[in-house]
Amino acid sequence: MTTFLLMYWRQLAAFVAVAAWLGVAYGFGYRNASNHFERVIAEEQLKTAMERAEAITQAKAADDALGEQALLQAKLGAEEARKNEVVTNTVIKWKVKYAQSPDAGQCVMPPDFVRTHTAAVTGRLPDDTTATSGSDAGPARITDVDVLDVDTQNYAMCRKWRGQLIQWRDRERLVRP
């Protein structure tokens, strides 16, 4: 065996040198590849974190804008409610003034008008629209003052509900663009 080693010692030394060199090269390559993949993973994590931070910033800005819009809508709604209150109070004053005038109450509503007006207000038709019973035969005397009183209350309520519906619609539009 020693003769074998003496005879091929150069080839064996070259083989060991090449193997050592390949081992070192593999180690460097493995370390570089490992560092590269760690760098790529770190960059991806940083990118994801930055995207999350940007999304949070945008969501917060959108939430702030939504809050500002909601506040503006609330202010506009309150202004509209104040205007509605002024109109309602003015109409009530006019109604009282009219009711105190000598011409008030002189206009007695015919039974057909009363029947039609009642159906329009209640949303229900009378059982028999051609009969002369019911409002025709009743002792109630309905005048223009009575109609004005009912209509004033109904329209004031309608304006109030309209304002609320508009606020709800606008609030819904803010929440779901």
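Visitor: How do you know that the span of α4 agrees with its 32 residues?
Guide: In this predicted model, one compares an expected span with the one found. At 1.5 Å a residue, the 32 residues of α4 should span 46 Å, and the end C-alpha atoms of α4 are 46 Å apart, so the two values agree.

Visitor: Where in the protein chain does Asp 151 lie?
Guide: Asp 151 belongs to helix α4, which covers residues 144–175.

Visitor: Which residues of α4 are called buried, and why?
Guide: They are Asp 144, Val 147, Asp 151, Thr 152, Ala 156, Asp 170 and Leu 174. The term applies because a buried residue has under 20% relative accessible area.

Visitor: Why is Asp 151 said to have no salt bridge?
Guide: A salt bridge requires a side-chain nitrogen of Lys or Arg within 4 Å of a carboxyl oxygen of Asp or Glu. For Asp 151, the nearest side chain of opposite charge is Lys 95, 11 Å away, so the requirement is not met.

Visitor: What makes the pairing of Asp 151 and His 117 a polar contact?
Guide: The side chains of Asp 151 and His 117 are joined at 2.9 Å. The cut-off for such a pair of N or O atoms is within 3.5 Å, and therefore 2.9 Å qualifies.

Visitor: What is the secondary structure of the protein chain as a whole?
Guide: The protein chain has 4 helices and 0 strands, in the order α-α-α-α from the N terminus.

Visitor: How many of the residues count as buried?
Guide: The share is 11% of the 177 residues of the protein chain.

Terms used
Residues numbered from 1 in each chain as written. Predicted model: local features only at pLDDT ≥ 70, side-chain atom pairs only at ≥ 80, totals over all residues. Heavy atoms only, no water. Helix = DSSP H or I, 4+ residues; strand = E, 2+ residues; numbered from the N terminus. Buried < 20%, exposed > 50% of the residue type's maximum accessible area, 1.4 Å probe, protein only. Lys, Arg positive; Asp, Glu negative; His and termini not counted. Polar contact = N/O pair within 3.5 Å; in protein donor to acceptor, adjacent residues only side chain to side chain. Expected span 1.5 Å × (residues − 1).
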